[in-house]
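Here is a brief report on one protein chain. Keep the sequence and the 3D view open while reading.

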Amino acid sequence: MKEYFKKRNFDKQFKNLVNKLKNKKVVIYGTGKMFQYALENYDFSKLNIIGISDYKYKNSQSGSIDLGYKIILRQDIIKHNPDCIIIATQNYLHIMKYFIEGYGEKKVLPLVEKSFIELVKEII
């Protein structure tokens, strides 16, 4: 995972993300290895994270705590009115599409942006 982040210059991406989302309510979608690595190595306290969500929480109780954050069920994200949903998965295109279609004007961003070539390979 360390190489994945390094290859994508995540230090710079994270600083830009923090600056872009200053004073914004954020929900993180995707809490697997990638997010856990980022959480262990970057200061997420700089973001106003109102909750985390993931498909694996489908049988969890909304409001429970995992990784130090409140769990928000995927279908309940809109009720919390986030300013941004950050997709914290390596293969994020289909998940971004789901949220963009379902939440319209809500801002949806990947945690780690890929190069254009990587995105093309993922689509093909």
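## Overall layout

This is a predicted model. The chain holds five helices and six strands. Read from the N terminus, the order of elements is α-α-β-α-β-β-β-β-α-β-α.

The chain has 124 residues, and 44% of them count as buried. Contacts across the sequence are well represented. Among contacts with a separation of 6 or more, 62% join residues 24 or more positions apart. The exposed surface comes to about 7,500 Å². Carbon and sulfur atoms supply 50% of that area.

## The nonpolar cores

The largest nonpolar core has 28 residues. Within this core, the residues with the most contacts are F5, L21, I28, F44, L47, I86 and L111. Several elements contribute. Helices α1, α2 and α3 (33–41) each supply at least two core residues. So do the strands β1 (25–29), β2 (48–53) and β5.

A second core of 12 residues is separate from this one. I72, I77, I85 and M96 are among its members.

F44 belongs to the group with the most contacts inside the largest core. Which residues does F44 touch, not counting those up to four places away in sequence? They are F14, F35, A38, L39, I49, Y69 and L111. L111 is itself listed with F44 among the residues with the most contacts in the largest core.

## Helix α2: one buried face

Helix α2 spans residues 10–20. Its buried residues are F10, Q13, F14, L17 and V18. Seen down the helix axis, these buried residues fall within an arc of 135 degrees, so they line one face of α2.

What do the buried residues of α2 pack against? Their partners are α1 (2–7), β5 and β6 (107–110). The face of α2 turned away from the buried side looks quite unlike it in accessibility: K12, K15 and N19 are exposed there.

## T89 in its loop

T89 sits in the loop between β5 (84–87) and α4 (93–103). Is T89 buried or exposed? T89 counts as buried because its relative accessibility is 18%, and the cut-off for buried is under 20%.

The side chain of T89 has a polar atom 3.4 Å from the backbone oxygen of N91. Leaving aside neighbours within four places in sequence, T89 is in contact with Y29, G30, M34 and I95. Y29 lies within the span of β1 (25–29), and M34 within that of α3 (33–41). I95 falls within α4 (93–103).

## Two salt bridges

How many salt bridges does the structure hold? There are two.

One pairs D76 with K79. The closest N and O atoms of D76 and K79 are 3.2 Å apart. The two partners contrast in accessibility. D76 counts as buried, at 14% relative accessibility. K79 counts as exposed, at 66%.

The other pairs K97 with E101. Here the closest N and O atoms are 3.6 Å apart. Both K97 and E101 are exposed. How are K97 and E101 placed in helix α4? They are four residues apart, so about one helical turn separates them.

Technical notes
Residues numbered from 1 in each chain as written. Predicted model: local features only at pLDDT ≥ 70, side-chain atom pairs only at ≥ 80, totals over all residues. Heavy atoms only, no water. Buried < 20%, exposed > 50% of the residue type's maximum accessible area, 1.4 Å probe, protein only. Contact = heavy atoms within 4.5 Å. Areas by Shrake-Rupley, 256 points an atom, 1.4 Å probe, with all protein chains shown as cover. Polar contact = N/O pair within 3.5 Å; in protein donor to acceptor, adjacent residues only side chain to side chain. Salt bridge = Lys/Arg side-chain N within 4 Å of Asp/Glu carboxyl O. Arc of directions from axis to C-beta. Core = buried A, V, L, I, M, F, W, Y, C linked by side-chain atoms within 4.5 Å.
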